[in-house]
Amino acid sequence: MKRLPFILLTLLTSNLVFSQYWQQQADYTVNVTLNDKAHTLKGDIRIEYTNNSPDKLDFIWFHLWPNAYKDNKTAFAKQILRDKDGKSRLKAIRDKGYIEDLEFTVDGGKANTEADPENIDVIKVILPKSLASGQKIVIKTPFTVHIPTYSSRSGHLDQSYIICQWYPKPAVYDRKGWHQFPYLDQGEFYSEFGSFAVNITVPAAYVVGATGELQNADELAAYKSIGTNNNDSTKVIRHYTANGNAPTKTLAYKAANVHDFAWFADKDFVIRYDTARLSENTTIDVFTYGYETGTESWKRSVSFVEDAVRHYSSWLGEYPWPVAQAVEGPKNVMSGGMEYPMITLITSPGADDAKMDAVITHEVGHNWFYGILASNERQHAWMDEGLNSYFQFRYEAEKYRANSIFGDAIPAELKTAPIDQFMNSIYGAMLQLPMEEAIETPSPDFTSKDGYALVEYIKTAAWVYILENVLGKETVDQAFKSYYAEWKFKHPYPEDFKKHLEKAAGQNIDQLWALLNKKGKFD
Ligand SMILES: [Zn+2]
């Protein structure tokens with residue numbers, strides 16, 4: 001009996017430790033060189049990995065996602081083969097993608113790896129010595145990436161480079177365990193936060209846009225002056241060559257508090273630039289990179305990025321990074337754009353102003369719902385795609401009385417209606433769309449990309465609109481603001497968002513929450 005108080009005390013303490021939020025930290029230094037004849041990336045990566053979990057780790061799962069494009073047996077190949085156009089899409093990947101020359105070391109000593117039996121784009125790095133809670137290690141490896149023909153996210157079309165999900169990356173270890181998974185382009189993101197220092201060597205004629213702040217003062221000054229001219233004038237300055245006669249240049253980028261790093265390189269990029277003042281103390285740089293022969297509405301791309309950043313900053317919380325950028329991409333069979341921290345790819349050839357603005361706003365909006373509020377998209381895609389779509393629809397309605405889902409089908413009288421009436425009609429129509437699966441369905445469980453889009457984007461946005469109607473718009477707005485304030489730069493789960501809704505509403509919302517598991521339409 002005498003021991004009882006001691007045991008109780010231990011239990012109490014361990015509960016306290018268990019309930020405390022933690023997340024792993026991965027700080028990267030990467031050197032990479034583009035070979036634009038062989039279409040390869042050669043480099044080395046150094047990751048300082050800090051184990052903030054209460055657990056001892058004996059291995060770390062890594063994603064080697066360039067391998068997703070290696071053959072027709074990867075999880076990604078199987079995913080696209082389920083679609084009607086799957087075979088032709090796979091065939092179009094003429095240059096296969098893969099990563100090789102890996103030799104992992106941990107704190108200078110060789111580290112063995114174990115292949116994942118199912119997926120060639122997932123690998124386990126065995127730690128030579130257990131990594132205790134609170135300790136850090138340095139993981140290094142050289143790598144060579146063979147860049148695939150562009151078809152999904154990462155790739156090249158001739159000498160236009162879209163470099164995404166390209167480096168060996170630790171999978172997330174969080175309070176629910178390991179989250180290693182193969183690449184799919186349906187619900188792909190979940191990564192650890194950290195800092196990036198990336199040195200990119202390219203032939204001197206390339207213009208590069210990347211996650212982070214460019215550190216080369218001369219290159220940055222040239223981008224700003226050319227970009228200012230191109231944003232203001234119809235006479236576009238296109239070609240940019242770095243000073244001097246060196247055949248290559250090395251561009252250094254730094255980014256803090258991000259969980260991903262993407263970059264884009266093209267000799268024909270037209271740079272556009274402006275600054276955006278967000279508040280008394282905050283002004284950010286806005287760059288876009290497009291083509292002289294690109295979509296007409298792209299000429300306004302900088303103002304669309306600025307407007308999106310301002311709206312999301314006011315709805316959720318101020319944009320936290322020093323630069324926001326958008327890149328005009330080639331036509332993508334998969335979507336109208338793709339998000340990465342501080343930079344987004346927009347593939348909407350021929351879009352008019354309202355449509356281009358909507359796509360840019362959706363992708364820029366992902367800086368909040370994925371970039372800052374970094375939920376697990378493979379498991380809970382609605383937390384980024386759906387919540388983001390809700391704000392995108394709000395933006396389109398306020399600015400244009402438009403909605404991307406219905407486009408030209410919106411009747412003329414509705415285009416001049418008051419905002420509340422417009423929203424009511426738009427969501428009324430959305431709620432009539434077929435929405436088979438429940439919102440809370442893991443991304444790979446959707447049998448088609450259309451079903452995924454209808455449910456994770458539209459059904460979720462409609463669900464938030466229902467919340468707005470039942471709880472009040474101010475309450476929902478307040479919940480989003482406090483959710484952002486508590487969870488920025490962290491890994492929130494659905495229950496964390498629910499807590500903020502309940503706190504703002506001052507009531508239990510179990511009935512509304514249960515709708516996330518409802519199949520079919522909401523009645
Ligand atoms: Zn999206």
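F489 takes a positive phi of about 60°, just after helix α12. The model is predicted, and this turn of the backbone is a good place to enter it. Most residues other than glycine have a negative phi.

Step back from F489 into α12 itself. The helix covers residues 473-487. At 1.5 Å a residue, its 15 residues should span 21 Å, and the end C-alpha atoms are 21 Å apart, so expectation and model agree. Its buried residues are T475, V476, D477, A479, F480, S482, Y483, Y484 and W487. An α-helix has 3.6 residues a turn, so residues three or four places apart point the same way. Several other helices help to cover the buried residues of α12. The cover includes α5, α7 (367-372), α8 (385-400), α11 (449-471) and α13 (494-505).

One of those covering helices, α5, deserves its own look. Helix α5 runs over residues 301-315. Its 15 residues should span 21 Å at 1.5 Å a residue, and the ends lie 21 Å apart, C-alpha to C-alpha, which agrees. How many residues of α5 are buried? The count is 11 of the 15, so α5 is largely enclosed by the rest of the structure. The buried set begins with S301, V302, F304, V305, E306 and A308. It continues with V309, H311, Y312, S313 and W315. After α5 comes G317, whose phi is positive, near 160°.

Another of the helices covering α12 is α7. The loop between α6 (353-365) and α7 holds H366. Is H366 buried or exposed? Its relative accessibility is 0%, so H366 counts as buried; the cut-off for that is under 20%. Leaving out residues up to four places away in sequence, H366 touches E339, G371, D384, E385 and N388. E385 and N388 fall within the residue range of α8, 385-400. H366 also sits 8.1 Å from P341, C-alpha to C-alpha, although 25 residues separate the two in sequence.

From P341 it is one short step to M342. M342 is in the loop between β23 (337-340) and β24 (343-346). Its phi is positive, about 70°, although M342 is not a glycine. M342 has a relative accessible area of 2%, so it is buried.

A second non-glycine residue repeats this theme. Q165 has a positive phi of about 50°. Its place is the loop between β11 (160-163) and β12 (169-170). With 10% relative accessibility, Q165 counts as buried.

Strand β13 covers residues 172-174 and contains Y173. Y173 counts as buried because its relative accessibility is 10%. Which residues does Y173 contact, neighbours within four places in sequence aside? They are W22, Q24, Y49, S53, D55, L57, W178 and E192. Y173 and I60 are 113 residues apart in sequence, yet 8.6 Å apart in space, C-alpha to C-alpha.

I60 turns up again at I137, and so does Y49. I137 lies in strand β9, residues 136-146. Its relative accessible area is 7%, so I137 is buried. Beyond four places in sequence, I137 touches I47, E48, Y49, I60, V106, D107, L127 and L131. Y49 is also among the contacts of Y173. G97 gives a contrast: it is 40 residues from I137 along the chain, and their C-alpha atoms are separated by 29 Å.

Now take the whole chain. Its secondary structure comes to 14 helices and 24 strands. With 523 residues, a compact globule would have a radius of gyration near 24 Å; the chain has 23 Å, which agrees. Along the principal axes, the C-alpha atoms fill a box of roughly 80 × 70 × 50 Å. Of the 523 residues, 58% count as buried.

Long-range contacts can be put in numbers too. Among contacts with a separation of 6 or more, 73% come from residues 24 or more positions apart. The pair Y173 and I60, 113 residues apart in sequence, shows how positions distant along the chain can lie 8.6 Å apart in space.

The surface comes last. The chain exposes about 21900 Å², and carbon and sulfur atoms supply 52% of that area. There are 55 positive and 67 negative charges. The mean positions of the two sets are 3 Å apart.

Key
Residues are numbered from 1 along each chain as its sequence is written. This is a predicted model: local features need pLDDT of at least 70, side-chain atom pairs count only at pLDDT 80 or more; totals for chains, interfaces and linings use all residues. Side-chain values use heavy atoms; hydrogens and water are left out. Helices (H or I, at least four residues) and strands (E, at least two) are DSSP runs, numbered from the N terminus. The radius of gyration is taken over C-alpha atoms; the globule rule is 2.2 Å times the number of residues to the power 0.38. Buried means under 20% relative accessible area, exposed over 50%, partly exposed in between (1.4 Å probe, protein chains only). Contact means heavy atoms within 4.5 Å. Accessible areas come from the Shrake-Rupley method with a 1.4 Å probe; for residues, only the protein chains shown count as cover. Lys and Arg count as positive and Asp and Glu as negative; His and the chain ends are not counted. The place of a charge is taken as NZ of Lys, CZ of Arg, CG of Asp or CD of Glu. The expected span of a helix is 1.5 Å times one less than its number of residues.
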